[in-house]
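Please open the model in your viewer and keep the sequence panel beside it, since each stop on this tour begins with a selection.

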Amino acid sequence: MTEQTVKLTTPGGDFKYPLLPGSVGPDVIDIRNLYGQTGEFTYDPGFTSTAACQSAITYIDGDQGILLHRGYPIDQLAEQSSFMEVAFLLLHGDLPKKKELDEFTYTISRHTMVHEQLATFYRGFRRDAHPMAIMCGVVGALSSFYHDSTDITDPNQRLIASHRLIAKMPTLAAMAYKYSIGQPFLFPQNDLSYTGNFLKMTFGVPAEPYVVNPVIENALDKIFILHADHEQNASTSTVRLAGSSGANPFACIAAGIACLWGPAHGGANEAALNMLREIGDVKNIPAYIARAKDKDDPFRLMGFGHRVYKNFDPRAKVMKATADAVLKELGKTDPVLDVAKELEHIALNDAYFIDKKLYPNVDFYSGVILNAIGFPTEMFTALFALARTVGWVAQWNEMISDPEQKIGRPRQLYVGATQRDYTPVGKR
Ligand code: SDX
């Protein structure tokens, strides 16, 4: 097939650039030689129109509300798969055979413990430290314990580091929670499932046996699947950029955790539940809708809107159904869920939200479920980071193996002072 090109007319003349097709989705204009040929940069703050890499891991169609992981639709994976199986799929590209899944699960379970000296890092934090502050610190600190898996040029070391990160995130997150409530850390119990092990380390106590509730285990495993990966979002792009300099994988994932913490990104799940609690009653919704629409008010509906989804977020649909099911199965009610549903209904019939294509995203309903399971809101983003580590690690491996990858180094439109001479302080 002959290569398609696009023509760019600039003050310096006309230039042609290749149009590269993907397997599905928008083509890309390959402009990597544009500056060298035209002496001009492109300008795209927030990267709204920029493809930063090639990837075969996750495909999103924001208009159709489609999310595929290695080609498999997110709703099918959420309903039929497990987080361990999705982790294998994201890392290795295909669904595992039973033997492969068993071996992968066994390997991950044997990396769940952390070095005993790492536990002392927690004692340096205040008890009321935000769990994400702790996660940024201790995940970065893993670099100092695993020098045998920081050589990124060695595929075996990359794989061991990947397994260690996926396996230890639940242990580190559970320890952050235990530390905040003054309870002792629990060791992993490897005969439990990945998610069941996390529940035991989080909610179990040494004084009595802990029995994993299968309803909660299944719901949380589904929530982990829904958060596993999401194309080139801000935190994944952070991991890729950090990795492009050759930084070790533990440092790269710590960078991703820091980026995810922001309320515009992974921090939205905590902010969304706090917002729903602040609204408190459906009668207060109109006032908050008015604030969200007021350009002079910085308030935004947390859990609403998305850079890519300009239709529904398929994850939010699964999350909403899961919230109903978990509350029913646990015999719980939560007035916040009623507020969330009414808020969604009102917003989706309001011209402002319709015109700006703002729909509930993955963070809008997740907090209702996590709260029903017993997690404090401060832990919500740490749970998002736990699940997204699988995607970050898969994307980091893909980036390292990409023959086209080089250190990421964007340019700028300079609008500052042009050259001027220094004047001594006495003459200013
Ligand atoms: C996640 O990228 C990913 O894939 C992220 C994620 C993942 O899995 O990795 O999906 C996870 O981060 C989900 C998003 C969680 N964040 C929130 O729920 C925070 C609230 N939402 C927003 O702040 C916002 O919608 C963003 C950050 C999610 C998207 O911002 P964009 O794409 O930069 O869009 P924008 O800020 O330019 O908004 C477009 C317009 C603006 O109005 P105008 O300036 O054009 O007049 O819509 C308005 C915004 O003011 N708008 C909102 C709004 N979100 C956007 N108005 C009210 N409430 C909102 N929530």
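Select Asp 154 together with Asn 156: in this predicted model, Asp 154 caps the N-terminal end of helix 7, with one of its side-chain oxygens 2.8 Å from the backbone nitrogen of Asn 156. Extend the selection to residues 155-181, which make up helix 7. The 27 residues of this helix should span 39 Å at 1.5 Å a residue, and the 40 Å between its end C-alpha atoms agrees with that expectation. Now look along the helix for Lys 168, where there is a kink of about 35°, shortly before the proline Pro 170. Switch on a surface for the rest of the protein and helix 7 proves to be mostly covered, with 21 of its 27 residues buried. Finish this stop at Gly 182, just after helix 7, where phi is positive at about 70°.

The next stop is the ligand. Which residues of its surroundings are the closest? Of the 24 residues that surround the ligand, the closest are His 230, Lys 295, His 306, Arg 307 and Arg 315. Colour this shell by residue class, and it divides into 10 nonpolar, 7 polar and 7 charged residues. Three contacts deserve a distance label. A backbone N or O atom of Ala 264 lies 2.9 Å from a nitrogen atom of the ligand, and a polar backbone atom of Phe 304 is 2.8 Å from a ligand nitrogen atom. For Arg 315 the partner is an oxygen atom of the ligand, which lies 2.6 Å from a polar atom of the arginine side chain. The protein buries 77% of the 1000 Å² that the ligand exposes when taken alone.

From here, select two residues for their backbone angles. Glu 231, in the loop between helix 9 (214-226) and helix 10 (234-244), has a positive phi of about 60° although it is not a glycine. With a relative accessibility of 26%, Glu 231 counts as partly exposed, because that class covers values between 20% and 50%. Then move to Phe 47, which sits in the loop between helix 1 (34-38) and strand 4 (58-61); this residue is not a glycine either, yet its phi is positive at about 55°. Is Phe 47 buried or exposed? Its relative accessible area is 56%, so Phe 47 is exposed, the cut-off for that class being over 50%.

Three further selections complete the tour, each with a C-alpha to C-alpha distance to draw. Begin with Phe 312, in the loop between helix 13 (285-293) and helix 14 (314-329), which at 27% relative accessibility is partly exposed. Add Tyr 359: Phe 312 and Tyr 359 are 47 residues apart in sequence, but 5.7 Å apart in space, C-alpha to C-alpha.

Go on to Phe 250 in helix 11 (residues 249-260), a residue that is buried, with a relative accessible area of 0%. Its C-alpha atom is 9.9 Å from that of Val 239, and the two residues are 11 apart in sequence.

End at Ser 366, which lies in helix 17 (residues 362-373) and is likewise buried, its relative accessible area being 0%. A line drawn from the C-alpha atom of Ser 366 to that of Arg 127 covers 25 Å, while 239 residues separate them in sequence.

Note on methods. Residues numbered from 1 in each chain as written. Predicted model: local features only at pLDDT ≥ 70, side-chain atom pairs only at ≥ 80, totals over all residues. Heavy atoms only, no water. Near = heavy atom within 4 Å. Polar contact = N/O pair within 3.5 Å; in protein donor to acceptor, adjacent residues only side chain to side chain. Areas by Shrake-Rupley, 256 points an atom, 1.4 Å probe, with all protein chains shown as cover. Nonpolar A, V, L, I, M, F, W, Y, C, P; charged D, E, K, R; others polar. Helix = DSSP H or I, 4+ residues; strand = E, 2+ residues; numbered from the N terminus. Expected span 1.5 Å × (residues − 1). Bend = angle between axes of the 7 residues up to and from the residue. Buried < 20%, exposed > 50% of the residue type's maximum accessible area, 1.4 Å probe, protein only.
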